[in-house]
Amino acid sequence: MTKTTTTTTEAIDKTKQTVKNFKSSSEVQDFYRFIHDNNLRSEAKTLVEMVLKTITPQKKRGRKKATLQ
């Protein structure tokens, strides 16, 4: 393997580990427990949907014009 391929593979592995560590961190587990204990699932879902709608880029609409060759 080349050096860049090895570096890219290592970066991907570290990213996967970071996501797994984030999900299993005590703070996140406490947050999930708080939502569950206080019956806030619908409110949490609404907030997550609003955040995702805000941060996702807009879809491009319209047709691509065909070019004549």
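Two salt bridges turn up in this structure, which is a predicted model. Side chains of opposite charge can pair when their charged atoms come close, and both pairs found here are worth a look in turn.

Take D30 and R33 to begin with. These two side chains form a salt bridge in which the closest N and O atoms lie 3.1 Å apart. What puts the partners within reach is the helix: D30 and R33 sit three residues apart in helix α2 (residues 26-37), so about one helical turn separates them. As for how much of each residue is open to the outside, D30 comes out as partly exposed, at 44% relative accessible area. R33 is likewise partly exposed, with a relative accessibility of 45%.

The other pair belongs to helix α3, which spans residues 41-55. Here E49 and K45 meet through their side chains, with an N to O distance of 3.8 Å; the cut-off for a salt bridge is 4 Å, so this pair counts. E49 and K45 are four residues apart along α3, and therefore about one helical turn separates them too. The exposure classes of the two partners can be read off directly. E49 is partly exposed, its relative accessibility being 44%, while K45 has a relative accessible area of 53% and is classed as exposed, because the line for that class is drawn at over 50%.

Helix α3 also has a hand in the nonpolar surface. V48, V51, L52 and I55 together make a nonpolar patch of about 380 Å². One of these residues, I55, is placed in α3. With 61% relative accessible area, I55 counts as exposed.

Then there is the matter of empty space. Rolling a probe the size of a water molecule over the atoms shows where such space is left. The largest pocket has a volume of about 160 Å³. The elements giving two or more residues to its lining are α2 and α3. The lining itself is made up of F31, Y32, F34, I35, L40, E43, A44, L47 and V48. In chemical terms, that lining splits into eight nonpolar residues, one charged residue and no polar ones. The charged one is E43, because Glu counts as charged. V48 takes part in two of the features described: this residue lines the largest pocket and also belongs to the nonpolar surface patch.

Put side by side, helices α2 and α3 keep coming back. The D30 and R33 bridge lies in α2, the E49 and K45 bridge lies in α3, and both helices contribute to the lining of the largest pocket.

Methods:
Residues numbered from 1 in each chain as written. Predicted model: local features only at pLDDT ≥ 70, side-chain atom pairs only at ≥ 80, totals over all residues. Heavy atoms only, no water. Buried < 20%, exposed > 50% of the residue type's maximum accessible area, 1.4 Å probe, protein only. Patch = residues over 30% accessible without salt bridge, like charges linked within 9 Å, V, L, I, M, F, W, Y side chains within 5 Å. Areas by Shrake-Rupley, 256 points an atom, 1.4 Å probe, with all protein chains shown as cover. 1 Å grid on protein atoms, 1.4 Å probe; cavity = no way out; pocket = protein on both sides within 12 Å on 5 of 7 lines; lining within 4 Å. Points joined across faces, edges and corners; volume = space filled by probe spheres on them.
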